[in-house]
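Please examine the structure below together with its sequence. The paragraphs that follow lead from individual backbone positions to the ligand and then to the confidence of the model.

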Amino acid sequence: MALAHLMEHKLLSDVTGFSALRTGALAERLVTQDRSAKLGEHWKADISVCDRQVLTRDKKVAWYTERPDEAQFTPAARKLLEQYSNIPADKVEDHVVNIRNEAWDIFPYPCIGQFRFLDLTLREFDIYPDVLKRLHDGQRLLDMGCCFGQEIRQLVQDGAPAENIYGCDLREEYIALGYKLFRDKDKLKANFITANIFDVTSPLTELSGRFDMIFAGSFFHLWGYEQQVKVSKLVAALLRPQKGSIILGRQVGSYSAVEPGHVTNADGKMFQHSVESLKKMWKDIGDDLGISFTVDAKLAESEGLLKFLPSNARRIWFTIRRE
Ligand SMILES: C[S@@+](CC[C@H](N)C(=O)[O-])C[C@H]1O[C@@H](n2cnc3c(N)ncnc32)[C@H](O)[C@@H]1O
């Protein structure tokens, strides 16, 4: 795979100025080698097996399954694809696998390998009926790091006015694949924005202070602690500055907070929050911003996660409410 192709897909020059390969010297060396239009065998010995697997989109990683199992392809996801997207029941699984394979070549996130884009999380929150009501009342919701935007399609299928729903992702290709997955390019009225959360000149920042609700699924965990604090502040700035504005979501968490290395994360780290560390981080953020946030969070079992993460790992579900 030519390096130019990797650069185009933002792998080497990922979003925060960090390289997904994490060693600037290595990235520089690869660029130099690419100038000679030849990726020789010798450089491969210099990078870790994991880095190489990301570079080459190797499928022999613990977080890649050829086809979705029943826990991944839930009845709710099937129903959405069959009823909202009108995909025949006997064709729907092949369709999902084909889209996943295209997405894997764009960037091999573990959640893509694991078919996590079939997760419909928002509807599992106790406050889901309230989210729908707020959208009906004219409030706005942003799905931050929406990827294919499955949560947006579920909201629309459940009757929410699409004009009040926004999705934002770094990768335009994922948003395009979302239209392809759900076959709704000509009918969906939701708003999609391609933007890097760190880019303060992006079209997303024009909407600062205008979202009543922000959903963030497997988003904040894309960074280590320090970067998570920055991202959380940037996301908080998108919220309408009034009591009751909320950020809700789920991501990888842990019984005791840890920050292991992570091969696809931009800064090479993944801070996995415990309930306590998440509350403390938002207390500190609130103190810094002069705002008070209330955090409700809980850990949930997830067998899928434990296939490739330590036994302490769980999903953490959270609601962060501005007071
Ligand atoms: C792991 S996926 C989660 C997708 C989806 N929210 C879900 O729960 O299934 C993370 C998404 O965040 C996007 N992303 C990564 N870095 C970003 C950034 N700096 N700004 C905006 N989106 C970003 C990725 O392109 C990817 O689609």
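In which loop does Phe115 lie? In this predicted model, Phe115 belongs to the loop that runs between helix 6 (110–113) and helix 7 (128–136). The backbone at this position deserves attention: Phe115 is not a glycine, yet its phi is positive, near 55°. As to its surroundings, 21 other C-beta atoms lie within 10 Å of Phe115, and because the threshold for burial is 20 or more, the residue is classed as buried.

A positive phi is also found at Cys147, again in a residue that is not a glycine, with a value of about 55°. Cys147 is located in the loop that links strand 1 (141–144) and helix 8 (150–157). Cys147 counts as buried because it has 25 C-beta neighbours inside 10 Å.

Cys147 also leads to the ligand, since it is listed among the closest residues, together with Gly145, Leu170, Ile197 and Gly217. In total, 20 residues surround the ligand. By character, this shell comprises 12 nonpolar residues, four polar ones and four charged ones.

Finally, the confidence of the prediction should be considered. The average pLDDT of the protein chain is 86, and 84% of the residues reach at least 70. Residues 1–45 have a pLDDT under 50 throughout. For this segment, the model contains 56 contacts beyond four places in sequence.

Notes:
Residues numbered from 1 in each chain as written. Predicted model: local features only at pLDDT ≥ 70, side-chain atom pairs only at ≥ 80, totals over all residues. Helix = DSSP H or I, 4+ residues; strand = E, 2+ residues; numbered from the N terminus. Buried ≥ 20, exposed ≤ 12 C-beta atoms within 10 Å, placed from the backbone. Near = placed C-beta within 6 Å. Nonpolar A, V, L, I, M, F, W, Y, C, P; charged D, E, K, R; others polar. pLDDT = per-residue confidence, 0-100. Contact = placed C-beta atoms within 7 Å.
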